[in-house]
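Thanks for coming. I will put one chain on the screen and talk through a few places in it, starting with a helix.

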Amino acid sequence: MIYASNITSNSQQILNPATPTAYLRPDEAFQVVITTYVIVASCGVFIWDVITNLGNDYTLVSKYPVRFPTIVYVLSRLATFGYVLAATIYQTAPVGNCARFEMALNAFNTLAIPITSILFFIRVRAIYENERYISIFFSIMWLAVFAGSLSTTFGVTGISIGPTRYCMISKMSPYVVAAGVVPLVNDTLIFFAISWRLTKNSLHHLDFQVGFRAIVFGDYMPVFSRSLLQDGQKYYLTTVSCGLVAVVLLTASTIPVTYRTILIVPNCILTNIMACGVFRRTKFTHLTEGSGTPTSLSFLV
């Protein structure tokens, strides 16, 4: 997204009025260019991930039962692609109607993050065999994720850059940081809940050394449980690392506002790529007899 704090509409003083960055100060123009590079590159990464997994996606819907988790997976990919594509268009094209386009863009974000979160909500419910209190707690957490993502729709306003049809964000309310913080908290709770349950189910006699090696390295666990644990670790360490940096930037009032939001789109893409990769690997992993995995996990595969 494009930000500016000082824009002049006097095109007679602009060397190249057709260039939107000409209406910005040099430092602001540089920030806009860097942000554009990041968003366009992020879009390219996501498209590459979609293309390279077309075969897996075809296998997913043609050779496996299409149940609720698979539908969520497809919707997650579509919503994320819509968000990334809209963000790229908003950043690079003279779309006009900036306020409406900004709202539509944020609507995709409001869909992409919560739908992706459902994949791990399904996962934690299955591992806990649909325990009532676990289901209720993480249902509330999912609603919090949705509410946090919804904050971008009402907390971000777009306007045109000078007399051009290119857009920028004119205002970002402080509460928009909830869109980064709440999913981060939700992912953390789900990660520890799943790790604890897998360790507890796999080990009958739990001491510190054995428990540490099990929960960190997956030792002493059945193959499928170890796969679930390690996939969760990869997802958590990758997405939380990026998410933490994104949250820090959002709350850092001493840096230019353009840089404060520079990781929102990449973070959304990374979360989706990792979550969907975990889902595919789980789907393609067959439960073996005597694996020690709860039978309710068959819902995942």
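How many ångströms should the 21 residues of helix α10 span, and how far apart are its end C-alpha atoms? Helix α10 covers residues 264–284, and at 1.5 Å a residue the expected span is 30 Å. The end C-alpha atoms are 30 Å apart, so the two values agree. Keep in mind throughout that this is a predicted model.

Now the overall layout. The chain has 301 residues, and buried residues make up 50% of them. Its secondary structure comes to 10 helices and 2 strands. Reading from the N terminus, the order is α-α-α-α-α-β-β-α-α-α-α-α, with the two strands following the fifth helix.

Back to α10 for a moment. Is this helix mostly covered or mostly open? It is mostly covered, with 17 of the 21 residues in α10 buried. One residue to look at there is Thr 271, which is in helix α10. Thr 271 has a relative accessibility of 11%, and therefore counts as buried, the cut-off being under 20%. In sequence, Thr 271 and Ile 113 are 158 residues apart, yet their C-alpha atoms are 8.2 Å apart in space.

There is another long-range pair that involves a residue numbered within α10's range. The C-alpha atoms of Asn 53 and Gly 277 are separated by 9.2 Å, with their positions 224 residues apart along the chain. Asn 53 itself is in the loop between α1 and α2, the latter being residues 54–62. A loop residue could be open or covered, so which is Asn 53, buried or exposed? Asn 53 is buried, because its relative accessible area is 9%.

A third pair of this sort is Gly 243 with Val 181. They are 62 residues apart along the chain, and their C-alpha atoms are separated by 8.1 Å. Gly 243 belongs to helix α8, residues 223–251, and Gly 243 is buried at a relative accessible area of 6%.

Next, α1 and α3. How many salt bridges does a search of the whole structure find? The search finds 1. The side chains involved are those of Arg 77 and Asp 49, at 2.7 Å from N to O. This pair links distant parts of the chain, since Arg 77 is in helix α3 and Asp 49 is in helix α1, 28 residues apart. What about the cover on these two charged residues? Arg 77 has a relative accessible area of 8% and is therefore buried. Asp 49 is at 6% relative accessibility, so Asp 49 counts as buried too.

Now the aromatic residues. The whole structure contains 6 aromatic pairs by the search, and I will show two. In one of them, the ring centres of Phe 46 and Phe 81 are 6.3 Å apart and the planes are at 25°, so this pair is stacked. Phe 46 is in helix α1 and Phe 81 is in helix α3, 35 residues away. Phe 46 is buried, at 1% relative accessibility, whereas Phe 81 counts as partly exposed at 33%.

The other pair is Tyr 90 and Phe 101. Their ring centres lie 5.8 Å apart with planes at 20°, so this pair is stacked as well. Tyr 90 is in helix α3 and Phe 101 is in helix α4, residues 98–127, with 11 residues separating them. Tyr 90 is buried at 0% relative accessible area, and Phe 101 is partly exposed at 24%. While we are on rings, the charged end of Arg 132 sits over the ring of Tyr 133, at 5.9 Å from its centre.

Last, the surface. Which residues form the nonpolar patch? They are Ile 47, Ile 51, Leu 54, Phe 81, Leu 85 and Ile 89, and together they have about 480 Å² of accessible area. Helices α1 (26–52) and α3 (68–92) each supply at least two residues of this patch. The largest share, 3 residues, comes from α3. From the α1 side, take Ile 51, which is found in that helix. Ile 51 has a relative accessibility of 52%, so Ile 51 counts as exposed, the cut-off being over 50%.

That is the tour. I can go back to any of these places on the screen.

Note on methods:
Residues numbered from 1 in each chain as written. Predicted model: local features only at pLDDT ≥ 70, side-chain atom pairs only at ≥ 80, totals over all residues. Heavy atoms only, no water. Patch = residues over 30% accessible without salt bridge, like charges linked within 9 Å, V, L, I, M, F, W, Y side chains within 5 Å. Areas by Shrake-Rupley, 256 points an atom, 1.4 Å probe, with all protein chains shown as cover. Salt bridge = Lys/Arg side-chain N within 4 Å of Asp/Glu carboxyl O. Helix = DSSP H or I, 4+ residues; strand = E, 2+ residues; numbered from the N terminus. Buried < 20%, exposed > 50% of the residue type's maximum accessible area, 1.4 Å probe, protein only. Phe/Tyr/Trp six-rings, centres within 6.5 Å; stacked < 30°, edge-to-face > 60°. Lys NZ or Arg CZ within 6 Å of the ring centre and 35° of its normal. Expected span 1.5 Å × (residues − 1).
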